[in-house]
Amino acid sequence: MNLEEKLGTIVNRFLPDGKISAIRPFGNGLINDSYLVESADSYHPEYILQRINHHIFRDVDQLQRNILAVTGHIRNKLLERNEPDIERKVLEFMVAGDGKSYYFDGESYWRVMKFIPDSVSYDSVTPEYAGYAGRAFGQFQYLLSDLPDELGETIPGFHNMELRLGQLRRAAAVDRAGRTKGVKDLLTELESRGDEMCKAERLYREGKLPKRVCHCDTKVDNILFDKKGGVLCVIDLDTVMPGFIFSDYGDFMRTAANTGAEDDRNLDNVNLDVAVFEAFTQGYLHTAGKFLTDIEVENLPYAAALFPYMQCVRFLADYLDGDSYYKIDYPGHNLIRAKAQFKLLRSMEENTPRMSAFIEKCTG
Ligand code: ADP
Ligand code: GN1
Ligand code: MG
């Protein structure tokens with residue numbers, strides 16, 4: 001059986017009568033594997049098949065329960081509002097023969113969802129689209145603010161900066177791939193910012209910062225737009241869990257408000273894109289401003305610096321560990337990524353006064 005046939009039999013667990021015409025790799029996520037499935041059905045012609053990375057998401061049952069709670073809640077809210085075109089505004093997962101929304105083939109975990117027709121995701125956006133995305137992520141948090149189910153942490157301590165720094169220190173000490181010596185300068189730079197970057201955890205312990213249900217992976221390509229630029233849907237819900245709103249604001253800024261690429265080799269390309277920052281911030285405050293506390297708003301520039309910092313720490317830890325977590329395209333890719341994130345962090349730091357002034361203007 002070739003790979004396409006094997007994938008076809010998995011899809012048929014979810015769509016027993018589905019006439020599959022093609023299956024091909026899709027998207028460029030760093031964790032799961034996604035495939036576009038074309039079928040000859042008139043009911044729904046396209047699906048996304050995903051292999052869930054269960055080395056990273058260790059409790060797939062909990063993961064899927066979270067996702068179904070989130071999509072069910074959003075669907076109900078849209079129905080209450082009589083929103084048109086709901087099928088394109090919330091993900092819908094298919095159920096396998098045993099009534100579960102995932103299937104374990106003895107080796108891997110799989111799920112299937114409907115492909116949202118006439119949708120597109122982008123690796124980079126114009127300021128106009130960033131504004132729409134800001135509104136969408138603020139609205140996503142708002143819609144989930146009264147979620148009755150308690151969500152599990154699908155990756156424990158996922159965005160806990162103290163924990164991530166601990167992992168980096170351990171990776172540097174163990175030095176599994178013999179690479180620590182070559183990155184001493186970067187490690188020193190990261191250590192010198194450690195205290196400042198762990199501010200969120202301190203504020204939380206002091207009772208000054210709330211946890212809310214957040215998306216926690218607001219990369220720019222995790223929003224689907226329609227072909228006219230309107231936002232349809234927030235996707236990639238594996239990491240939806242209680243966290244600080246800094247995650248959602250900060251990770252979008254990290255990926256969209258960067259004039260370069262996440263793994264740019266030319267660090268001169270990597271800088272804060274001020275127009276995208278302004279548009280996203282305005283959009284986000286438009287929908288999230290109604291529930292955010294003063295401390296959350298004041299610390300948005302901290303969030304903009306925290307996420308390139310955290311991502312630098314995570315990429316570097318994986319590099320030191322011998323590249324076991326993120327997919328890489330070439331040896332040393334994780335180090336190139338870490339360096340690009342560090343450059344973005346420096347640009348965020350330089351722009352902090354400017355960001356604070358803009359946020360004050362929006363809220364004042
Ligand atoms: P990953 O964890 O690999 O990033 P995603 O769930 O984000 O996985 O899916 C990868 C890409 O596939 C997305 O960026 C998007 O372009 C596309 N995609 C995912 N789900 C859908 C869907 N239901 N409808 C349309 N496109 C989708
Ligand atoms: C991973 O799966 P993907 O590519 O959307 C990672 C994010 C990182 C991102 C860096 C579960 O996201 O946390 O920010 O790569 N997801 C997980 O590009 O670790
Ligand atoms: Mg994604």
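**Exercise 1. Locate ligand 2 and describe its surroundings.**

Ligand 2 sits in the largest pocket of this predicted model, where a pocket is an open set of points on a 1 Å grid over the protein atoms alone, accepting a 1.4 Å probe and having protein on both sides within 12 Å along at least five of seven lines, and where sitting requires more than half of the ligand atoms to lie within 2 Å of the grid points. Because this is a predicted model, local features need pLDDT of at least 70 and side-chain atom pairs pLDDT 80 or more, while totals for chains, interfaces and linings use all residues. Residues are numbered from 1 along each chain as its sequence is written, ligands are numbered from 1 in the order in which they are written, and side-chain values use heavy atoms, without hydrogens and water.

Step 1: the shell. Around ligand 2 there are 19 residues, of which Asp217, Lys219, Glu262, Gln311 and Tyr325 come nearest (a residue is near if one of its heavy atoms lies within 4 Å). By class, 8 are nonpolar, 4 polar and 7 charged.

Step 2: the helices. Helix H8 (246–256) and helix H11 (300–320) each supply at least two shell residues, and the largest share, 3 residues, comes from H11.

Step 3: polar contacts (N or O atoms within 3.5 Å). An oxygen atom of ligand 2 lies 2.5 Å from a polar side-chain atom of Tyr325, and for Lys219 the corresponding distance is 2.7 Å. The protein buries 97% of the 450 Å² that ligand 2 exposes when taken alone (Shrake-Rupley method, 1.4 Å probe).

**Exercise 2. Carry out the analysis for ligand 1.**

Step 1: position. Ligand 1 sits in the largest pocket, surrounded by 18 residues, with Gln50, Ile116, Ser121, Asp221 and Asn222 the closest.

Step 2: strands. Strand S3 (46–52) and strand S5 (109–114) each contribute at least two residues to this shell.

Step 3: contacts. A side-chain N or O atom of Ser121 is 2.7 Å from an oxygen atom of ligand 1, whereas Asp221 uses a backbone N or O atom, at 2.9 Å. Of the 540 Å² of accessible area that ligand 1 has on its own, the protein covers 93%.

**Exercise 3. Classify the ring pair of Tyr122 and Phe225.**

The structure holds 18 aromatic pairs (ring centres within 6.5 Å; planes under 30 degrees apart are stacked, over 60 edge-to-face and the rest tilted). In the pair of Tyr122 and Phe225 the centres are 5.5 Å apart and the planes stand at 55°, so the pair is tilted. Tyr122 belongs to the loop between strand S6 (119–120) and helix H3 (127–143), and Phe225 to strand S8 (residues 223–226), 103 residues apart.

Definitions and conventions: A polar contact is a pair of N or O atoms within 3.5 Å; within protein, one must be able to donate a hydrogen and the other to accept it, and residues adjacent in sequence count only if both atoms are side-chain atoms. On a 1 Å grid over the protein atoms alone, a cavity is a set of points where a 1.4 Å probe fits but cannot get out, and a pocket is an open set with protein on both sides within 12 Å along at least five of seven lines; lining residues have an atom within 4 Å of a point. Helices (H or I, at least four residues) and strands (E, at least two) are DSSP runs, numbered from the N terminus. Ala, Val, Leu, Ile, Met, Phe, Trp, Tyr, Cys and Pro count as nonpolar, Asp, Glu, Lys and Arg as charged, and the others, Gly among them, as polar. Rings of Phe, Tyr and Trp (its six-membered ring) pair if their centres lie within 6.5 Å; planes under 30 degrees apart count as stacked, over 60 as edge-to-face and the rest as tilted.
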